[in-house]
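Trainee: I would be grateful for a close look at one loop residue and its setting. Please then continue to the helix packing and the nonpolar cores.

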Amino acid sequence: MISTLLVANRGEIACRIFRTCRALGIATVAVYSDADADALHVREADTAVRLPGAAPSDTYLRGDLVVAAALASGADAVHPGYGFLSENAGFAAAVQDAGLVWVGPPVKAIELMASKTRAKQLMAAAGVPLLAPVDPATATAEDLPLLLKAAAGGGGRGMRIVRELADLPGELTAAAAEALSAFGDGEVFAEPYVERGRHVEVQIMADEHDGVWALGTRDCSLQRRHQKVIEEAPAPGLDDGLRDGLHDAATAAARAVGYRGAGTVEFLVTADGRPYFLEMNTRLQVEHPVTEAVFGLDLVALQLRAAEGEPLPAPVPPQPTGHAVEARLYAEDPARDWQPQTGALLALDVPDEPGLRLDSGYTGGDTIGVHYDPMLAKVIAHAPTRAEAVRLLARALERARIHGPVTNRDLLVRSLRHPDFAAARLDTGFYDRHLAALTTEADEADQRLAATAAALAEAARRTTAGGVARFGAWRNIASQPQLRCYRGEPDGREYDITYRTTRDGLLPAEGARLVTAHPDRVTLETGGVTRHFAIAARADRVYVDTATGSYTFTALPRFTDPADRTEPGSLLAPMPGTVVRLADGLAAGAAVEAGQPLIWLEAMKMEHRILAPASGTLTALHAAPGLQVEVGALLAVVTDAQEEPNA
């Protein structure tokens, strides 16, 4: 029996595992980097052990330090979570060699599935359908499009789509470099890229007594940068024959490697319903809650049971009920190439309603740093039907209060309500086709009304007895109009809001009637409809939450600072990160083309390309591989060819 469990991970998944441990009476141990000293998973654990440093390579990826932490804390078992060392056979072996219980599959199973190329060979021998591999060295135009993938690891790292044969060498180099950086293994392979394919997976749970459960299907087709965004169970629209075939193939894959514990077998399903094996993840998946919801199970509890040598509770799994959908809430800006966002998370409040579940690694007051994945939380909805679950999830996200860095919340709501998603027309190209429409700016009239509410709330904070408003040291005559200026974030639209302070109270000049105004809430009537606004002012930021949307504003001074300018053609770091490489031959004086990738910046487990803003000459270069930069740091300057002397 496990008495004390160390979770070799951080954030949401560590908190999730601790929750089950508390229910089972198991003591918990967290490990943490210096950047995570006050993180939620550290606060929720019974005890914690510091891993000195901040970068994953110095902390969460140091298996020797994690094993030492387990021994020092008195833990008798280790759960790896997902990511980091979760699929590292050497780490699993080290845990067991130290006399600790490994909450995961056998080392041999991890080794066999660690390389996607070896896994495919094994699955072919087991009769699981596969896409035929393509040798990049002999690829022709007829083989296009191709998908390049890292042989080790996952999460979209080292993955590239190649549609032009001339691009293949460069994309191979880039994919191998990213794979080497992320996993320490630069092996890359190629296979046909299936247009409009669906990503469908089967959850496996196995014990050491030859028991294997295939716990239904999940659809994970909505992805950005080959990473999942919205997942659901069961996968909609599969006929019984295809579903049974996927279950049989997943079970065969598990038996082929003598699997034990939780694992996931992933498939690509073509538009005409043909399934192909992609990979087997020898760990718990991020999207496991949707399976838990429809089967009424705790997969972490089953993992712990399997690790203790117990059989599965029954020969066959329970019958599934209803439908579940999960949305991953990321601190990122989808409209700006999915750029990760950092900073203080001032509020994270999701409605607590029947059928809703929140798995989070953050709470209000935490700080989102630069070192780790930008996922804040997962919101899961379970209901009797798919349509009801989707509606419940969209409304919960819409009502959530999320104050701080930009998130993908609006994208999630719009995705769930998109006609293609509602009709279960799902494939991995969803965001390629619909991203522009899903990231349109907020309705200007609605945003202006929210800015009006922000201005009136500020006036209410400053108003004293007698209806006279005080602004700093100024005493304003009641009949004079007052002006407040706001910039909407992240779209940058500016609003000049005017109102008057009268004997009867505040009088907005925006075509709305003020019903009530308080420092934290305002009620306005417009077009015969009464609307409520919740206001939270944080320094120069104002957050306005309504029943149908949320708005963030920056309060602007009446006069702009003429020094607040940037030299034309400047390439600024869009986020804090590390420069990982430069374009070949890049140096001051080099000619560049508009849109050409010049600098690769790594931040929050992703690589971001910095592109030339125009064709011209690189007149300054301040970036170098290994350089750590802050947001807004000047990386380079490109002088537009039209502005160059004698151009």
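**A loop glycine and its wider setting**

Mentor: G127 lies in the loop that runs between α6 (116-125) and β6 (146-150). The model is a predicted one. The relative accessibility of G127 is 56%, so this residue counts as exposed, the cut-off being over 50%. Along the chain, G127 and A249 are 122 residues apart, yet their C-alpha atoms are separated by 7.9 Å.

The helix pair comes next. Helix α4 (residues 89-97) packs with helix α5 (residues 107-114) at an angle of about 170 degrees, and their axes are 9 Å apart. The two helices are therefore roughly antiparallel, as the angle is over 145 degrees. On the α4 side the contact involves A89, A92, A93 and Q96, which meet V107, I110 and E111 of α5. Sorted by class, this contact has 5 nonpolar, 1 polar and 1 charged residues.

As to the interior, the largest nonpolar core has 38 residues, and I230, L416 and Y431 touch the most other members. Two or more residues each are given to this core by β11 (227-233), β14 (323-330), β21 (375-383), α11 (386-399), α12 (409-416) and α14 (430-438). The largest share, 6 residues, comes from α11. Leaving aside residues up to four places away in sequence, Y431 touches L222, Q223, V229, I230, W338, L411, S415 and L438. Another core, of 35 residues, lies apart from the largest one and includes I26, V290, A324 and Y330. In soluble globular proteins, nonpolar side chains tend to be buried together.

Notes
Residues are numbered from 1 along each chain as its sequence is written. This is a predicted model: local features need pLDDT of at least 70, side-chain atom pairs count only at pLDDT 80 or more; totals for chains, interfaces and linings use all residues. Side-chain values use heavy atoms; hydrogens and water are left out. A nonpolar core is a set of buried Ala, Val, Leu, Ile, Met, Phe, Trp, Tyr and Cys residues joined through side-chain atoms within 4.5 Å. Buried means under 20% relative accessible area, exposed over 50%, partly exposed in between (1.4 Å probe, protein chains only). Helices (H or I, at least four residues) and strands (E, at least two) are DSSP runs, numbered from the N terminus. Contact means heavy atoms within 4.5 Å. Axes are lines fitted to C-alpha atoms, for helices over the stretch in contact, and angles run from 0 to 180 degrees between N-to-C directions. Angles under 35 degrees count as roughly parallel, over 145 as roughly antiparallel, 65 to 115 as roughly perpendicular and the rest as oblique. Ala, Val, Leu, Ile, Met, Phe, Trp, Tyr, Cys and Pro count as nonpolar, Asp, Glu, Lys and Arg as charged, and the others, Gly among them, as polar.
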